[in-house]
Amino acid sequence: MSQVRIHLPDNSIKEFDFQPTVLQVAESIGSRLAKDTLGGQINGNPEVIDLRTVLPNDTKLKIVTKGSEESLEVIRHSAAHVMAQAVQELWPEVKVTIGPVIENGFFYDFDSPFAFTPENLKELEKKVNFLLKKNEVVTREVWPTAKAIETFEKMGETFKVEIIKDLGADEVSIYKQGDWFDLCRGPHVQKMGQIKTIKILSTAGAYWRGDENNPQLQRIYATAFNSKEELAEYLKILEEAKKRDHRKLSKDLGLVYNHPFAPGAPFFTEYGTIVYNELQSYMREGYKKYGYSEVISPQIFDNQLYDRSGHDANYKDNIFATQVGERDFAVKPMNCPGHCLLYGATKKSYRDLPWRIADFGRLHRNEKTGALHGLTRVTTFCQDDAHIFCRIDQLLDEIKSFMTFLDEVYNKLGMSNYKIFFSTRPEKRVGSDEVWDKAEGYLEDALKTLGLDYTVNEGDGAFYGPKLDIMFVDALKRPWQLGTLQLDFNMPNNFDLKYVGEDNANHQPVMIHRAILGSLERFIGVYLEHTAGRLPTWLSPRQVVIMNITSSHDEYCKKLEQELKEAGVRVHYDDRNEKLGYKIREAQLKQIPYMITVGDQEVADSTVAVRLLTGDNKKGYAKSDFVKNIKNEIENKNLKTFFEEVN
RNA sequence: GCCCAUGUGGCUCAGUGGUAGAGCACACCCUUGGUAAGGGUGAGGUCGAGAGUUCGAUUCUCUCCAUGGGCACCA
């Protein structure tokens, strides 16, 4: 055999007189490297391959070693195997299925005659980490498919047999550690001791192959890291996320209340309503600027409306319906069909287009019980919804204007980190393929023309049209779907909408469904998590609290309270006979951006002592300046307090 | 809708087969105190709802409701 050349990242070349494995290349470089090798990446491909992979001539190889980001995939892959092994050693009656690596960890789905209890998980964690200490060598074997099927059938591993049959390959790879083995394509570690520690996290029910018609399996979530320190760090982030949970924050801050009589339908308290209304009026400002008109449409319709819109066929399970006498009514789950009726109310000319109508109507959707979640998945909500009826040649400008509007809003709110997803036709849909081709084509053209980066989500569109989803990435790097823009050729058709063109003939308008915040409910939930409850002053339900030191400062405080009220500031004078530290603590917990302290000093020289949520103090601030500056900050809807703005 | 767990005063949580406890919050009293909890006293719960087992159920069983972790659904 001729020489085999392997190219390394430092542009050096290693030569072999056989086709080496990744590990063999590592060994040729050094024994320390070989010991730390966990996999490889070849020819610039990000996919991590098994260290036992045989490399052909002229392969560009990057060795994945322990401690690297890429190595986690290998470690977790093997960790899933060890976990499955541990489960079967503890409970031999449990059958294995699959166990993939996911972000931040891995899971394994088991077919178990019993549900795993928390005690089982503790036992399992012990067992798993005991197995790691045995440091068994992982070997790879290639079996003919027939042998694999026969073997797994004998073992009663019916799910494995199904997978192998579906693969339809001639041979399959098997990974072994000790006596335990599993069908797998890898990659895996050399020895199980390379996994330092495995943390079992939780259990869940999950359907075989993700289909609710299939049997339900027992899923165990777990994670593994390169070191105990990294694991600790990850667990800390989980804790942080828990603290920022909007359900906790919205309760602690007194914004939202839930009652079992209204599942999935939150009350907004007098404080929560302030946040809600401020956001709504901010959007209304945008509507003026971007040429939208606001409308109000009915809450309940004769069901014939949804029959015509196509919702009855595609969305029926989610509609709250009621029968009055002989007549079927439906509570509106979305504004669009009603808006189509309104469009048809007057004869439209091409001169009337684009016709942009916004609606803060309350929507109700009967969600499956298990889907409800705090403010982010509710049964009743209000979208910052608008529909734009326009000509095809106006589409590009409309999409552009929407993206500008959205960018402005997101930046104002400190949410500049967002991504665009382009979702194409789903299986369950209305309209001909021809219409879909057209709609998808226009949308993609617009994205390209505008030079926007996007990712395609095949089959994820709405049933009436393709869409752009705006995925906001929050402070903890979690993605949330908020804004959306959907193209719809179908509903104008169902409602036979027309406009008279320049040619004096009838034409059909295109309908754009769009929202920037998504729904106010969901947005407030996400925004609370993003900001950890520390809202910008203009959105804070409580903006200023004045705290006197003794009752002798009462007069000065009352006057200041009055001045701030006149400046439009939401201010509260805490005149309780309590110590200052006590009042401060309460104000901190309620995340009030400005805490004003008044004592002898302040009364004497007409100043205020200001404390921010950061704990920063500024004494001797001129009272008149404070009133002026906070008024200005609120009017401009600044993201930061005026103290921080200055710095 | 499915699997699992949970449900004790406004909130956070102990606890028990013999009808309940703490801290915070609340009320009253004392305290006038400069940047995250001053002290005392008191009120407040038929232990999510219904049924069953039992001499007796908040505790055990079942059903329902709600919540939580997932799955599925949804955009």
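Which side chains meet in a salt bridge at 4.0 Å, N to O? Okay, that's my opener for today. The pair is K243 and E240. Before I go on, remember that what we're looking at is a predicted model.

So where do these two sit? K243 and E240 are both in helix 7, residues 228-243, and they're three residues apart, about one turn of the helix. Here's the bit of background to keep in your head: an α-helix has 3.6 residues a turn, so residues three or four places apart point the same way. And side chains of opposite charge can pair when their charged atoms come close. As for cover, K243 is exposed, with a relative accessible area of 54%, while E240 is at 28% and counts as partly exposed.

Now try helix 5, residues 145-154. K154 and E150 both lie there, four residues apart, again about one turn. Their side chains form a salt bridge at 3.5 Å, N to O. K154 has a relative accessible area of 71%, so we call K154 exposed, since the cut-off is over 50%. E150, at 46%, is partly exposed.

Next up, a pair from two separate places. E529 and R478 meet in a salt bridge at 3.1 Å, N to O. This one links distant parts of the chain: E529 is in helix 16, residues 520-531, and R478 is in the loop between strand 24 and strand 25, 51 residues apart. E529 is buried, because its relative accessible area is 5% and buried means under 20%.

There's also a group to find on your screen: R425, R429, D433, D437 and E440 are joined into one network by salt bridges that share partners. How many salt bridges does the model have? The count comes to 40.

Let's turn to charges on the surface. R32, K35, K191 and K196 form a positive patch. One of them, K191, sits in the loop between strand 10 (180-183) and strand 11 (197-207), and at 39% relative accessibility K191 is partly exposed.

Last stop, helix 9, residues 272-289. Does the ruler agree or disagree with the helix? With 18 residues at 1.5 Å a residue, helix 9 should span 26 Å, and its end C-alpha atoms are 27 Å apart, so the two agree. Its buried residues include V275, Y276, L279, Y282 and M283. Just past the end of helix 9, have a look at G291, which takes a positive phi of about 75°.

That's my tour, thanks for listening!

Technical notes. Residues are numbered from 1 along each chain as its sequence is written. Chains are lettered from A and ligands numbered from 1 in the order in which they are written. This is a predicted model: local features need pLDDT of at least 70, side-chain atom pairs count only at pLDDT 80 or more; totals for chains, interfaces and linings use all residues. Side-chain values use heavy atoms; hydrogens and water are left out. Helices (H or I, at least four residues) and strands (E, at least two) are DSSP runs, numbered from the N terminus. The expected span of a helix is 1.5 Å times one less than its number of residues. Buried means under 20% relative accessible area, exposed over 50%, partly exposed in between (1.4 Å probe, protein chains only). Patches are made of residues with over 30% relative accessible area and no salt bridge: like charges are joined within 9 Å, nonpolar side chains (Val, Leu, Ile, Met, Phe, Trp, Tyr) within 5 Å. Accessible areas come from the Shrake-Rupley method with a 1.4 Å probe; for residues, only the protein chains shown count as cover. Lys and Arg count as positive and Asp and Glu as negative; His and the chain ends are not counted. The place of a charge is taken as NZ of Lys, CZ of Arg, CG of Asp or CD of Glu.
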